[in-house]
Structures are given as structure tokens and as C-alpha cells.
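Biologist: I'd like a close look at one helix and its surroundings. Please start at its N-terminal end and work outwards.

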Amino acid sequence: MKPVFVLNGPNLGRLGSREPDVYGSATFEDLVELCRSIGRELGLSVEVRQTDDEAELVGWVHEAADGKIPIVLNPAAFTHYSYALRDALAQRTAPLVEVHISNPAAREEFRHTSVVAGVATGTIAGFGLYSYVLALHAIAEALRNGD
């Protein structure tokens, strides 16, 4: 099975208790199980990680680039200002799908800009945890097409 990293930035470990009106009531553990389950269905070996630390996230992106491992990435707050993350992602060697649980374009103005979108294969946002399901399907399709 092809490995895929599902990487999550700050505060996503608090799913279920953090602003459930925006992010839903599912927990981070629910997200992990969902991604692994969908991955198995698609023939992908999904590893889900979460960090509140920008340097750790950049390190994981380097690991993926070195291993030619596709990434599903929810950069969370790093979406809007982390040029270090953007520069690491620009080194990617496999498909990259940016995901968001909510729709940043329908929220506060500061959330409207993604510094990572320009180096991603695509972006999926606004479908709750189903954004991850769609992203994993997109990764599987890209791999089938040799991307």
C-alpha cells in the first residue's frame, strides 16, 4: 500500500471541544479512524499526525518530500502566514491536497488568504471531516494517473 501522510496543524488535536459550532463534534481520534479507514478502502497506508509546532510540521513535510510521500494537509492557522511551511511544501515530490474543515473564504477576512494553496495540487474546504475523505480520494486518483 502506498503511504500517505495526513498532517494537521495547530489546535486540530482539540477537535470535538474546540468551537464545535465551526468544527463539529467529532474528535481528533474520530478523524484518525476515518482517514485510516478510507485509506484502507483506497489501498493507501495513511499515517495521521498533528502538531501545534511549526518546526515539527516543516520537518514532516521534508520527510514526505524525501520519501516521495503524498500529503493531505490541514495547515490550520499556519495556512495564513507560514512562509516556512509554504517553502517546505514547494519542495514536494508527490501530490499535496490542502484541506480545511470549515470554509475559510466564508469566515473572517484574515482567513481568506492561503500562503500554501499556490504550491498545492488542490484545495478542499468546507465539508467538515468529509474534506479529508475527498482529499484522500483525490490523492488516490492522482497516484493512479501517475502524478
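Biologist: Which residue caps the N-terminal end of H3, and which backbone nitrogen does its side-chain oxygen lie 2.9 Å from?

Modeller: That's Asp53: one of its side-chain oxygens lies 2.9 Å from the backbone nitrogen of Ala55. This counts as a polar contact (N or O atoms within 3.5 Å, one able to donate a hydrogen and the other to accept it; residues adjacent in sequence count only if both atoms are side-chain atoms). Before going on, the ground rules: this is a predicted model, where local features need pLDDT of at least 70 and side-chain atom pairs count only at pLDDT 80 or more, while totals for chains, interfaces and linings use all residues. Residues are numbered from 1 along each chain as its sequence is written, and side-chain values use heavy atoms, with hydrogens and water left out.

Now along the helix. H3 covers residues 54-67, and its end C-alpha atoms are 20 Å apart, which agrees with the 20 Å that 14 residues should span at 1.5 Å a residue (the expected span is 1.5 Å times one less than the number of residues). Helices here are DSSP runs of H or I with at least four residues, strands are E runs of at least two, and both are numbered from the N terminus.

Which way does H3 face? Leu57, Val58, Trp60, Val61, Ala64 and Ala65 are its buried residues (buried means under 20% relative accessible area, exposed over 50%, partly exposed in between, with a 1.4 Å probe and protein chains only). They sit on the same side of H3, because they cover an arc of only 160 degrees around the axis, taken from the directions from the axis to the C-beta atoms. The background is simple: an α-helix has 3.6 residues a turn, so residues three or four places apart point the same way. Ala55 and Asp66 are exposed on the other side of H3. After the helix comes Lys68, with a positive phi near 55 degrees.

What does the buried side pack against? The partners are strands E1 (2-8), E2 (44-50) and E3 (71-74), plus helix H4 (83-89), where contact means heavy atoms within 4.5 Å. Those strands belong to an open sheet of 5 strands, ordered E2-E1-E3-E4-E5 with parallel pairing (two strands pair if DSSP finds at least two bridges between them). E2 and E5 (122-125) are the edge strands, each pairing on one side only. From one strand to the next, the twist averages 20 degrees, with axes as lines fitted to C-alpha atoms, for helices over the stretch in contact, and angles running from 0 to 180 degrees between N-to-C directions.

Zooming in on E3, one of H3's packing partners: 4 bridges join it to E1, with Val72 as the bridge partner of Val6 and Asn74 opposite Asn8. Towards E4 there are 3 bridges, and Leu73 has Glu98 as its bridge partner there. Ile71 and Leu73 point one way from E3, Val72 and Asn74 the other, and all are buried.

The sheet has other helices on it too. H5 (residues 130-144) lies across E1, E2, E3, E4 (96-100) and E5, at about 170 degrees to E4. Its buried residues, which include Tyr132, Leu136 and Ile139, pack against those five strands and H2.
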